[in-house]
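Open the model in your viewer and keep the sequence panel beside it. This tour goes from the whole chain to single residues.

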Amino acid sequence: MMNQMQPNYFHQIEMFLCPEIRALVSKLPKDILNAIEEVRLRVHRPLMIYCNGKDHFIDVNGKTKESANASYIVTKKNIENTLQFITNYSIYSVEEEMKNGYITVQGGHRVGIVGKVLLSKNEIKSMKEFSGLNIRISKEKKGIASSILKYMVNDKKEFINTIIVSPPQCGKTTLLRDIIRNFSEGVPELGISGQKIGVVDERSEIAACFQGVPQNDLGPRVDVLDACPKAIGMMMLVRAMSPNIIATDEIGRGEDINAIEEALLAGIKLITTVHGKTLDDILQRMYIGDLIKRGVFERVVVLSNSKGVGTIEKVLDGITLKELTKASIKNKVG
Amino acid sequence: MMIKMILSILIVVGSTLIGIIYANAYIQRTKSLNNIIGTLQTLESEIVYCATPLPFLLRKISTRDNQDINRVFSKTVDILDKKDGSTFFNAWKEAIHIETKNTVLSADDIELLVQLGNNLGTSDIEDQVKHIRLAMEEIKRNYEAAILAQNNNVKLCKNLGFLFGVTIVILFF
């Protein structure tokens, strides 16, 4: 039932694959197609997909295999043609994005690109002779934040500063996105009214803008600064857009911390994420650790994949560091 | 006598017209080449200043005029819009093949366009400019040759047509 309600994500990226690979991948069974997270093309290497926490080879008949024997070998032509479709037949039009190593396509999906990098004055000028593509399907999972929203407001139903701690690939950006959407729309059941939210989307992952239009639903009260460095972006939003809440992804550097202080002085609430396995991990870190020890963040949400991607391991009170949840919450939607 | 008269006039007029048609082909070709050069210039500045993706760009330019090159642009986008996995070069080649069936362009002109299509969109801006400039240079050379041919041949064709008609009339009647 849940699967039927999910949009067919593979269908959205299908047209970006070159005809040969498109034909192979479309032959896969429906349940695998719906679960695909990544399609990987590496020159002269087997075609692979990643789904359900495992990677699979794809053979010449379009079946998944555990071993590389008889698998379809990606050619240079496959990569070049696929790249044509991804860049709308115009590599020059995504030159700037390509310097970051990935481009965002329609639907908010991201394509990582590797190849030969050309430098000019110690800066990346462009890339050519592409040798690998990683097409990552972005899945909006609406509703995954529902179980923790109640911990993120105080008695007066005001939003309180929150930090999400998570190892890679445990769904922290997806969770952040859903939290932003909920607060920007407002949650009447919990008495939360809609908040103006400024998003600094340095890696174009939260809103996933394509030609300036956010591809992910972030609700009605969101201003997105796309591809902007976090520290500068936070300052810009504070001055220009009068947000109630500022949301950013993966903070950690010194200048980020200064910007956070600035935002706090302006009375703005924060929600952010940080890479790390446990809270103790984070407390050891230089800048962010200090910030948490000073009690800037009143809530700490720790994620893991102990019960599948996106498991909410615990929610802590940021000041007393006491657990607010009794057990980890399995949070797999769709 | 009357019939002879009318027939002679018809023959002379007919062969003169054929001469004019031949002459016009030369004029049309220079016009068409000139238009290609102008269009490529627009293409270059749009790519440099706006980095507009090719499908939008070609569509935009194709609406400005109804010359060979504009029709090739528009056809290319039509083929790409089908999204059936055709690469840009294939779509471009097919479009040129369809749209230059009744053209005054020479095989050499067409080959230059095909070569340009092989490089459009496949590299960064700097590289694109180089490819477009190269194509422009070569088409300019053809254009200059076309003007020379036009100057030499237009009058010749028209005169030949007329004189050929007169010759036939004299020989047969």
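What radius of gyration does chain A have, and what would a compact globule with 334 residues have? Chain A has 21 Å, which agrees with the value near 20 Å for such a globule. The radius is taken over C-alpha atoms, and the globule rule is 2.2 Å times the number of residues to the power 0.38.

Before selecting anything, note the ground rules. This is a predicted model, in which local features need pLDDT of at least 70 and side-chain atom pairs count only at pLDDT 80 or more, while totals for chains, interfaces and linings use all residues. Residues are numbered from 1 along each chain as its sequence is written, chains are lettered from A and ligands numbered from 1 in the order in which they are written, and side-chain values use heavy atoms, with hydrogens and water left out.

**Stop 1: the whole chain**

Select chain A. Its C-alpha atoms fill a box of roughly 60 × 50 × 35 Å along the principal axes. Colour by secondary structure: there are 11 helices and 16 strands. Both are DSSP runs numbered from the N terminus, helices being H or I with at least four residues and strands E with at least two.

Now show the surface. About 15600 Å² is accessible, and 51% of that belongs to carbon and sulfur atoms; the method is Shrake-Rupley with a 1.4 Å probe. Of the 334 residues, 51% count as buried. Buried means under 20% relative accessible area, exposed over 50%, and partly exposed in between (1.4 Å probe, protein chains only).

Turn on contacts (heavy atoms within 4.5 Å). Among those in chain A with a separation of 6 or more, 58% link residues 24 or more positions apart.

**Stop 2: the seven-stranded sheet**

In chain A, find the open sheet with strand order 4-3-2-1-7-6-5 and antiparallel pairing. Strand 4 (64-65) and strand 5 (102-104) of chain A stand at the edges; each has a single partner strand, so one side of each lacks a neighbour in the sheet. Strands pair here if DSSP finds at least two bridges between them.

Select residues 36-42, strand 1 of chain A, and residues 48-51, strand 2 of chain A: four bridges join this antiparallel pair. A:R40 has A:M48 as its bridge partner. Five residues separate the two strands in their hairpin, and A:H44 in the turn has a positive phi of about 60 degrees.

Step on to residues 54-58, strand 3 of chain A. Four bridges tie strand 3 to strand 2, again antiparallel. A:I49 stands opposite A:H56. The hairpin has two residues between its strands, and A:N52 takes a positive phi near 50 degrees.

Next, strand 6 (residues 110-120) and strand 7 (residues 123-136) of chain A. These antiparallel strands share 10 bridges. One pair to pick out is A:S120 with A:E123.

**Stop 3: two loop residues**

Is A:V94 buried or exposed? A:V94 is buried, at 10% relative accessible area. Its loop lies between helix 5 (76-86) and helix 6 (95-98) of chain A. Beyond four places in sequence, A:V94 touches A:T87 and A:I103.

Finish at A:R221, in the loop between strand 11 (213-214) and strand 12 (222-226) of chain A. A:R221 is partly exposed, at 35%. Leaving aside neighbours within four places, its contacts include A:S184, A:E185 and A:G194. Draw a C-alpha distance from A:R221 to A:K121: 41 Å, with their positions 100 residues apart in sequence.
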